[in-house]
Protein chains: 2
Amino acid sequence: MTALAPISTKDRILDAAELLFANDGFEATSLRAITAEAGVNLASVNYHFQSKDALLHAVVARRAGPINQRRIEALQQLEEKLRNEPIPIDELLEAFFRPVTECNVLVPRMMVRFHYLEARETFRAIYETHFKPVANRFAPALRKALPHLKPEEAFLRMQFTMGAFAQLAAGSGTMEVVSEGRMHAPTREEALRQLIQFTAAGFRAPSLGAGL
Amino acid sequence: MTALAPISTKDRILDAAELLFANDGFEATSLRAITAEAGVNLASVNYHFQSKDALLHAVVARRAGPINQRRIEALQQLEEKLRNEPIPIDELLEAFFRPVTECNVLVPRMMVRFHYLEARETFRAIYETHFKPVANRFAPALRKALPHLKPEEAFLRMQFTMGAFAQLAAGSGTMEVVSEGRMHAPTREEALRQLIQFTAAGFRAPSLGAGL
DNA sequence: GAACAATTGAAACAAACGTTTGTATCATAC
DNA sequence: GTATGATACAAACGTTTGTTTCAATTGTTC
């Protein structure tokens, strides 16, 4: 086998775009920066993909597919194990988040940036294609796990959870910077466990009742 | 008194920039879009402010000052009321978040976009100036409120909390869109109470101990 | 090894960007 | 009544953007 596999131009573009989109954002990343990083010609982006927007779709699609597949597999295993019993909220959260934390660190950061930041219209399409189906798949199990919450409350807390994860995914190195070196960043596994510990407790908190 | 006060060019630019930065982001918003929205001449941005970056600073500074002042006032009141007793975590969270939710809705959304999205170097300066001081002011009270957590855990959970709030602030209309109209968005007061309920429970969750 | 399609390369395109320029307008002060 | 300052304006600056063009090169198939 070859020591270093020859990487196709297409993949080199995807890798570079993923890196730069994650670090600088979509708008701020030029095709020239991408092709320079990838070591390929400028025109090859429009040749292999059709436009910068289509490149963004391809970058996301390459990662979202496997992640969502593993999410659904994990959910199915839980459903089979527990039959009709409600799935505990922390196991549900782990099924949803572990596949993301176990892949390349760049991916969640990039996705988070798109999640509520920029390229609004383009992201809308990405959301509909790659995130909405898996969200709909998890929704019933989530409802069953949270019988004490009204639908609006459960939904709002799921949003909080997404935000907490986003903060984790987006901010690589945030802890060192903000604490000025006094603290070390947790490993990915530690961070995942802390995220689940935090958000599961949030979900289990009593309903606020009347208000909402 | 005048029914509708004449708004200065400078303020019209600030208002328009705040609106467009919040909705489209910094990079994606051109000075031409800002001046068109404000109904002023293109050059007036570089006249009243010096650059697009400096305009961003001004937009943030106009809002961050009053908000942080009210945050610190609320914290002082809690400290005086409770003397040396630890401040309950939910009261601490309310002191921190209520001043933000009670101001113009655009502001938190805009700040969130900058918080871990774009204009990295510019935002670093904004963070150091407007957010770091108030964060340092709250830090000791937070530690005292969370004696069961290691410093790293407390810090990580504060990050989760920021992310949960960010999701709330960034996504105006998210609930209607994602739920496809089945749910109505909560009022700001309801959302704040839900945020505190969720994150306070997260903070109170037991330490994970050894790992981190 | 010739023929052909697929891919890459350098260069150029129009459009949009942030910024600068020079001048006009308007108060207020002398 | 004229000089002075701050502000507003239209126009153009040079640069960068995403995209296109077309010739050169590569890889594959007969």
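In these legends, a residue is near a DNA strand if one of its heavy atoms lies within 4 Å of that strand. The model shown in every view is predicted.

**Figure 1. The surface of the protein near DNA strand C.** Helix H3(A) gives the most to this surface, with 3 residues. Around DNA strand C there are 15 residues, and the closest are Thr9(A), His48(A), Leu31(B), Arg32(B) and Lys52(B). Of the strand's atoms that come within 4 Å of the protein, 52% are sugar and phosphate. Sorted by class, the surface near DNA strand C holds 5 nonpolar, 7 polar and 3 charged residues.

**Figure 2. Polar contacts to DNA strand C.** His48(A) has a polar side-chain atom 2.5 Å from a phosphate oxygen of DNA strand C. From chain B, a polar side-chain atom of Lys52(B) lies 2.9 Å from a phosphate oxygen of this strand. Arg32(B) reaches a base: one of its polar side-chain atoms lies 2.8 Å from a base nitrogen of DNA strand C. Two or more residues of the surface near DNA strand C come from each of H3 of chain A, helix H2 (31-38) of chain B and H3 of chain B.

**Figure 3. The surface of the protein near DNA strand D.** DNA strand D is surrounded by 15 residues, with Leu31(A), Arg32(A), Lys52(A), Thr9(B) and His48(B) the closest. Sugar or phosphate accounts for 53% of the atoms of DNA strand D within 4 Å of the protein, and bases make up the rest. At least two residues of the surface near this strand come from each of helix H2 (31-38) of chain A, helix H3 (43-48) of chain A and helix H3 (43-48) of chain B. H3(B) gives the most, with 3 residues. The residues of the surface near DNA strand D comprise 5 nonpolar, 7 polar and 3 charged.

**Figure 4. Polar contacts to the phosphates of DNA strand D.** In Lys52(A), an N or O atom of the side chain is 2.7 Å from a phosphate oxygen of DNA strand D. Leu31(A) takes part through its backbone, where a polar atom is 2.9 Å from a phosphate oxygen of the strand. From chain B, Tyr47(B) places a polar side-chain atom 3.1 Å from a phosphate oxygen of DNA strand D.

**Figure 5. The largest nonpolar core and the surroundings of Leu55(B).** The largest nonpolar core has 129 residues. Those with the most contacts inside this core are Phe21(A), Ile34(A), Leu55(A), Ile34(B) and Leu55(B). Leaving aside residues up to four places away in sequence, Leu55(B) touches Ile13(B), Leu14(B), Ala17(B), Phe21(B), Leu31(B), Ile34(B), Val45(B) and Phe49(B). Among these neighbours of Leu55(B), Ile34(B) is also one of the residues with the most contacts in the core.

**Figure 6. Aromatic pairs.** Over all chains the count of aromatic pairs comes to 13. One of them joins Phe96(B) and Phe97(B), an edge-to-face pair with 5.2 Å from centre to centre and 90° between the planes. Phe96(B) counts as buried because its relative accessibility is 8%, under the 20% limit. Phe97(B), with a relative accessible area of 1%, is buried too. Elsewhere, ring pairs link residues of both chains into a cluster made of Phe160(A), Phe198(A), Phe203(A), Phe160(B), Phe198(B) and Phe203(B).

**Figure 7. Arg83 in the loop between helices H4 and H5 of each chain.** Arg83(A) lies in the loop between helix H4 (52-82) and helix H5 (89-101) of chain A. Its phi is near 50°, a positive value in a residue other than glycine. Arg83(A) counts as exposed because its relative accessibility is 70%, over the 50% limit. In chain B, Arg83(B) is placed in the loop between helix H4 (52-82) and helix H5 (89-101). Arg83(B) is not a glycine, yet has a positive phi of about 50°. With a relative accessible area of 70%, Arg83(B) is exposed.

**Figure 8. The fold of chain A.** Chain A contains 10 helices and 0 strands. Its elements, read from the N terminus on, run α-α-α-α-α-α-α-α-α-α. Of its 212 residues, 50% count as buried. Among the contacts in chain A with a separation of 6 or more, 76% are between residues 24 or more positions apart.

Terms used. Residues numbered from 1 in each chain as written. Chains lettered and ligands numbered in written order. Predicted model: local features only at pLDDT ≥ 70, side-chain atom pairs only at ≥ 80, totals over all residues. Heavy atoms only, no water. Polar contact = N/O pair within 3.5 Å; in protein donor to acceptor, adjacent residues only side chain to side chain. Helix = DSSP H or I, 4+ residues; strand = E, 2+ residues; numbered from the N terminus. Nonpolar A, V, L, I, M, F, W, Y, C, P; charged D, E, K, R; others polar. Core = buried A, V, L, I, M, F, W, Y, C linked by side-chain atoms within 4.5 Å. Buried < 20%, exposed > 50% of the residue type's maximum accessible area, 1.4 Å probe, protein only. Contact = heavy atoms within 4.5 Å. Phe/Tyr/Trp six-rings, centres within 6.5 Å; stacked < 30°, edge-to-face > 60°.
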